[in-house]
Amino acid sequence: MTLTDAPPAPRLGSIDLARSLAIVAMVIYHFTFDLALFGFIARDTMFQPFWYYSARLIAGSFLFLMGISLWLAHGQGIRWPAFWRRWAKLAAAALLVTIASIWLVPVGPIWFGILHAMAVIALIGLIALRLPWPVTLALAAVFFAAAWGPRFAALDPLWLVWIGLAETRPMMGDYIPLIPWTAPALAGIATAKALRLDLWRGTPPTPLTRAIAFPSRHSLLIYLLQQPVLFGLIYAYIWVSG
C-alpha cells in the first residue's frame, strides 16, 4: 500500500466523545472569560488557579487528540489530498482569527494561537508518523522539558515568538508556541501508535452517538463561531435587561 491510497481508520466513538467534551469545556471557559470581560463576574476570575490551569488542560487535550487523529487518518499511509484539504482549512481559519483579532483587539492580536500551532504541528506530526513510538514519545518529552530551559532575547522579535523560547512573553489574547505545545500532539501520536488504535473497531453509530459526536465533527466551525455567538448573547441580554 502506497502513502497515498491508504484508507483512513474507522472513527472511534471514544475519541469523538473526548473531543466533544473538550469543545464543551472550551466554550464554558470562553463564556466565563466573556462574563469577566463584561463585568458580570470578578475581572480577575480568569487569573485564578482553576481557570488558569483549565485553559492549559483544554489546549493540551485538543493537541493530544489532534495527534491521535493524525495517526488514525494517516498512520497507515499519508492520504495527501485529505491532509492538505484539512490543513488548508486550518491555516485559513488561523489567518481569519489573526485578522479578526487585529480589528477587535489591536493591543493584543493573535499572531500564533491554538489554530496556528495546530497547523504547524500537523506538519511536524507527519515526520513523527514514520518514527517508532518510543522515539516520538521521547521527542514529546524534549519539547516539554525545553520550556523550562534557557530563554533567548534573540527570539523576542514578533516573527520568532512562535518558537516559544523568547525572554519576553508577547501580548496576545491566545499564545500557543511550539515549545512546549508540540509535546501533547506528539504524545497523542505515540499513544495511538503504541496502542494500535488504527486497528480498533468502531461501534455502529446510533442517534445518541451521532449527537455526541456532532461537536467533534464540527470542532473548527464551533471554534470560529463560539465567540461571536457568545458576544451576541451577552449583548442581547444587556439590551433586554436595559
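This passage describes the helices, nonpolar cores, salt bridges and a surface patch of one structure. The model is predicted.

Helix H3 covers residues 80–104. At 1.5 Å a residue, its 25 residues should span 36 Å. The C-alpha atoms at its ends are 35 Å apart, which agrees. Several residues of H3 are buried: Ala82, Phe83, Leu90, Ala93, Ala94, Val97, Thr98 and Ser101. Their cover includes helix H2 (49–74), helix H4 (114–128) and H8.

The largest nonpolar core has 30 residues. Those with the most contacts inside this core are Leu63, Ile114, Leu115, Met118, Ile121 and Ile176. Two or more residues each come from H1, H2, H3, H4, helix H6 (178–194) and H8. Another core lies apart from the largest one. This other core has 20 residues, among them Ala122, Leu129, Ala183 and Leu197. Within the largest core, Ile114 serves as an example. Leaving aside residues up to four places away in sequence, Ile114 touches Ala59, Leu63, Asp174, Ile176 and Tyr223.

Charged side chains come next. Side chains of opposite charge can pair when their charged atoms come close. The count here comes to two salt bridges. One joins the side chains of Asp16 and Arg19, at 3.8 Å from N to O. Both residues lie in helix H1 (residues 13–37). They are three residues apart, about one turn of the helix. An α-helix has 3.6 residues a turn, so residues three or four places apart point the same way. Asp16 is buried, and Arg19 is buried too.

The other salt bridge joins the side chains of Arg196 and Asp198, at 3.1 Å from N to O. The two partners fall into separate exposure classes. Arg196 has a relative accessible area of 34%, so Arg196 is partly exposed. Asp198 has a relative accessible area of 10% and is therefore buried, since buried means under 20%.

The surface also carries a nonpolar patch. Its members are Phe40, Ile41, Tyr235, Tyr237 and Ile238. Together they have about 480 Å² of accessible area. Tyr235 lies in helix H8 (residues 219–241). At 48% relative accessibility, Tyr235 counts as partly exposed, because the exposed class starts over 50%. Helix H8 thus appears in several parts of this account. H8 is part of the cover over the buried residues of H3. H8 gives two or more residues to the largest core. H8 also holds Tyr235, a member of the surface patch.

Notes: Residues are numbered from 1 along each chain as its sequence is written. This is a predicted model: local features need pLDDT of at least 70, side-chain atom pairs count only at pLDDT 80 or more; totals for chains, interfaces and linings use all residues. Side-chain values use heavy atoms; hydrogens and water are left out. Patches are made of residues with over 30% relative accessible area and no salt bridge: like charges are joined within 9 Å, nonpolar side chains (Val, Leu, Ile, Met, Phe, Trp, Tyr) within 5 Å. Accessible areas come from the Shrake-Rupley method with a 1.4 Å probe; for residues, only the protein chains shown count as cover. A salt bridge is a side-chain nitrogen of Lys or Arg within 4 Å of a carboxyl oxygen of Asp or Glu. Helices (H or I, at least four residues) and strands (E, at least two) are DSSP runs, numbered from the N terminus. Buried means under 20% relative accessible area, exposed over 50%, partly exposed in between (1.4 Å probe, protein chains only). The expected span of a helix is 1.5 Å times one less than its number of residues. Contact means heavy atoms within 4.5 Å. A nonpolar core is a set of buried Ala, Val, Leu, Ile, Met, Phe, Trp, Tyr and Cys residues joined through side-chain atoms within 4.5 Å.
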